[in-house]
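Open the model in your viewer and switch on the cartoon. Keep the selection box at hand for a short tour, stop by stop.

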Amino acid sequence: MSRLDKIRQVLQKEGLEALVVTQPENRRYLSGFTGSAGALLISAEVARIFVDFRYIEQTKMQAPEFKLIREDRTQALHKEFANTLATSLRELGLRRVGFESEHLPVHQHIAWQETLPGVELVPTTSLVDDLRAVKDSGELELIRKAAALTDESYQHLHSALRPGLSEREASWAAESFMRTHGAEGVAFEFLIQAGPHGALPHWTASEEPIRNGAPLIIDMGARLNGYHSDLTRTLFLGNSNSQFQKIYDIVRKAQETALQGIHSGMKGGEADSLARKIIEEAGYGEFFGHGLGHGVGLAIHEKPWIRRGSEDVLRPGMLITVEPGIYLPGWGGVRIEDLALVVEDGLEVLSMSSKDPWRK
Ligand code: ZN
Ligand code: ZN
């Protein structure tokens with residue numbers, strides 16, 4: 001079944017006459033259009049794409065299944081799209097229309113309400129995101145390639161690491177390798193967190209040098225034709241350290257337990273608890289403050305969510321990360337992250353990088 005057919009089935013189930021898609025990855029997923037602006041209107045009968053002058057030729061190439069409507073750019077900025085949409089809805093007689101409530105700014109919503117009298121605007125969440133969660137074979141192939149390239153780039157960084165190298169230099173060593181070996185770009189700004197920086201979850205990379213005798217978190221990924229990969233390894237520069245060995249062993253055990261235990265049919269919250277239990281029993285529950293993992297695809301973080309309370313049910317064909325961590329303020333952190341495919345009887349791990357943390 002085509003992606004358009006699938007979303008039309010969803011619309012029918014939801015009792016919607018049409019859906020307006022504004023979220024960039026959803027727009028790309030359904031239409032093939034990779035531009036950074038524009039919207040889709042999908043009903044049982046029609047598939048339209050609204051773009052402005054900049055994207056006319058690109059849309060013809062990338063989204064041939066969609067009828068191209070050029071946005072009316074004579075109106076005030078926030079009214080442009082509302083007016084274009086109003087014209088189409090009137091022409092097609094569509095009255096009960098869904099929109100993506102997580103991706104429509106309030107001022108746009110107000111403009112739509114003013115411009116579309118008689119149209120019932122229905123907020124929706126995750127209608128397309130849920131379809132995106134299960135990957136087809138073409139998507140899997142791209143993510144496998146992105147994961148393999150990420151492993152290679154990590155290997156390159158691993159051999160280039162030395163004390164005195166700054167976090168930013170280390171980040172660039174991995175990024176430049178990745179970009180010259182086939183990546184379209186990086187999946188996100190790499191996190192290179194030496195020593196205490198490892199306990200600051202949003203730290204990216206600084207001028208500070210990487211030193212011996214401290215943990216080092218490396219979180220990186222590649223982007224290929226819009227698809228992402230995600231990998232974290234933690235290293236220790238030095239010969240031995242009992243504190244590090246202790247924390248690393250707990251995180252490793254938590255990850256192994258989750259990789260062995262996660263299977264299709266399980267909820268995201270149940271998957272999370274497999275690893276969380278190990279860390280809690282070791283006495284470090286309060287230092288594992290994020291979810292166990294997330295889906296990966298056209299977005300680096302997407303459905304399904306593997307975290308406490310997640311009702312997302314794991315299905316074969318979903319791609320998830322498994323990434324437990326322990327973060328101790330003032331000392332640093334340990335996180336180990338693999339990318340894995342949900343298969344009938346468990347997980348197939350795509351990340352191949354070594355988990356030997358000792359870097360002498
Ligand atoms: Zn990551
Ligand atoms: Zn991740």
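**Stop 1: Ile 143**

Select Ile 143. This is a predicted model, and the tour starts in helix H7, residues 137-160, where Ile 143 has its place. Is Ile 143 buried or exposed? Its relative accessible area is 0%. Buried means under 20%, so Ile 143 is buried.

Now show what surrounds Ile 143. Leaving aside neighbours within four places in sequence, its contacts include Lys 135, Tyr 227 and His 228. Val 296 and Gly 297 also touch Ile 143. Three leucines complete the list: Leu 319, Leu 339 and Leu 350.

Draw a distance from Ile 143 to Tyr 227, C-alpha to C-alpha. The two atoms are separated by 6.0 Å, yet the residues lie 84 residues apart along the chain.

**Stop 2: the sheet S7-S10-S11**

Stay with Tyr 227 and select strand S11, 227-228. Add S7 and S10. The three strands form an open sheet in the order S7-S10-S11, with antiparallel pairing. Which strands stand at the edges? They are S7 (185-186) and S11; each has a single partner strand, so one side of each is left without a neighbour in the sheet.

Zoom in on S7 and strand S10, residues 222-224. They pair in the antiparallel sense over two bridges. Pick Gly 185: opposite stands Arg 223 in S10.

**Stop 3: helices H9 and H10**

Next, select H9 (residues 242-261) and H10 (residues 268-281). Two packed helices are described by the angle and the distance between their axes. Here the axes come within 8 Å and cross at roughly 155 degrees. That makes H9 roughly antiparallel to H10, because angles over 145 degrees count as such. The crossing is right-handed.

Show side chains at the contact. On the H9 side, pick Ile 250, Lys 253, Ala 254, Thr 257, Ala 258 and Gly 261. They meet Leu 274, Ala 275, Ile 278 and Ile 279 in H10. By class, the contact has seven nonpolar, two polar and one charged residues.

**Stop 4: Arg 307**

Last, select Arg 307. Where is Arg 307 found? Look in the loop between strand S14 (302-306) and strand S15 (319-322). Arg 307 is partly exposed, with a relative accessible area of 42%.

Draw one more C-alpha distance, from Arg 307 to Gly 268. The gap is 5.9 Å in space and 39 residues in sequence. Gly 268 is also among the residues that Arg 307 touches, not counting those up to four places away in sequence. The others are Gly 269, Asp 272, Gly 291 and Leu 292.

Definitions and conventions
Residues are numbered from 1 along each chain as its sequence is written. Chains are lettered from A and ligands numbered from 1 in the order in which they are written. This is a predicted model: local features need pLDDT of at least 70, side-chain atom pairs count only at pLDDT 80 or more; totals for chains, interfaces and linings use all residues. Side-chain values use heavy atoms; hydrogens and water are left out. Helices (H or I, at least four residues) and strands (E, at least two) are DSSP runs, numbered from the N terminus. Buried means under 20% relative accessible area, exposed over 50%, partly exposed in between (1.4 Å probe, protein chains only). Contact means heavy atoms within 4.5 Å. Axes are lines fitted to C-alpha atoms, for helices over the stretch in contact, and angles run from 0 to 180 degrees between N-to-C directions. Angles under 35 degrees count as roughly parallel, over 145 as roughly antiparallel, 65 to 115 as roughly perpendicular and the rest as oblique. A crossing is left-handed if the near helix is turned anticlockwise from the far one by less than a right angle, and right-handed if clockwise. Ala, Val, Leu, Ile, Met, Phe, Trp, Tyr, Cys and Pro count as nonpolar, Asp, Glu, Lys and Arg as charged, and the others, Gly among them, as polar. Two strands pair if DSSP finds at least two bridges between them.
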